[in-house]
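Here is a walk through one protein chain, with attention to its charged side chains. Please look over the sequence and the model before reading on.

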Amino acid sequence: MTIENDPYIDIRPYNDEEIPAAIDRLINDAEFIDAILQHRFSSHAAWFKALMSPMVKVYLKFKWAKLDSVEAIQLEVKKYLEQTLNSTTKGVVYKGLDKLDKNTSYLFVSNHRDIAMDPALVNYGLHEGSHRTVRIAIGDNLLKKPVPQS
């Protein structure tokens, strides 16, 4: 099967060769940049955020230029997840990873408390236990407003 005839192309995980284009779409998405500006500069005036917008894009292009694979993305996200865990928890404990066979596929089901953090924490635990990380399935209700394709 090729990308041209893949019936799941809109919902499947990215392949390594698709990462640079996906990053470029994110960097050029106004809502994404606005979300970063709001998070990073929430107490600043609107004019300041507007001024910072092009600089944030340049910064992200430079910072993310080396990210050319799914693994590279995951390692970058890991840094931020570790910062979040260190500043918001007293630690996270994973049990039973030693019972997982590294050559067997598994299905993990969460209680859906948080669509982003549930799989992030599962992936973090698997990575720390030297297991391959998971691919995430999400409901189509989360795909109503996709980042525009170029």
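Which residues are linked in a network of salt bridges? In this predicted model, the network joins K63, K66, E76 and K79. One of its pairs is E76 with K66, whose side chains meet at 4.0 Å, N to O. E76 belongs to helix α4 (residues 70-88), while K66 sits in the loop between α3 (46-64) and α4, and the two are 10 residues apart. The partners differ in their surroundings: E76 counts as buried because its relative accessibility is 7%, whereas K66 counts as exposed because its value is 52%.

Helix α4 takes part in another salt bridge, in which the side chains of K78 and E128 meet at 3.1 Å, N to O. This pair connects α4 to helix α5 (residues 117-128) across 50 residues of the chain. E128 has 43% relative accessibility and therefore counts as partly exposed.

The structure holds eight salt bridges. Among them is the one between E18 and R12, at 2.7 Å, N to O; both of these residues are buried.

Other charges form a surface patch: D16, E17, D68 and E71 make up a negative one. D16 lies in the segment before α1 (19-27), and it counts as partly exposed because its relative accessibility is 39%.

As for the chain overall, its secondary structure consists of five helices and zero strands. Of its 150 residues, 23% are buried. Among contacts with a separation of 6 or more, 58% are between residues 24 or more positions apart. The accessible surface comes to about 11,600 Å², and carbon and sulfur atoms account for 57% of that area.

Key
Residues are numbered from 1 along each chain as its sequence is written. This is a predicted model: local features need pLDDT of at least 70, side-chain atom pairs count only at pLDDT 80 or more; totals for chains, interfaces and linings use all residues. Side-chain values use heavy atoms; hydrogens and water are left out. Patches are made of residues with over 30% relative accessible area and no salt bridge: like charges are joined within 9 Å, nonpolar side chains (Val, Leu, Ile, Met, Phe, Trp, Tyr) within 5 Å. Accessible areas come from the Shrake-Rupley method with a 1.4 Å probe; for residues, only the protein chains shown count as cover. Lys and Arg count as positive and Asp and Glu as negative; His and the chain ends are not counted. The place of a charge is taken as NZ of Lys, CZ of Arg, CG of Asp or CD of Glu. Helices (H or I, at least four residues) and strands (E, at least two) are DSSP runs, numbered from the N terminus. Buried means under 20% relative accessible area, exposed over 50%, partly exposed in between (1.4 Å probe, protein chains only). Contact means heavy atoms within 4.5 Å.
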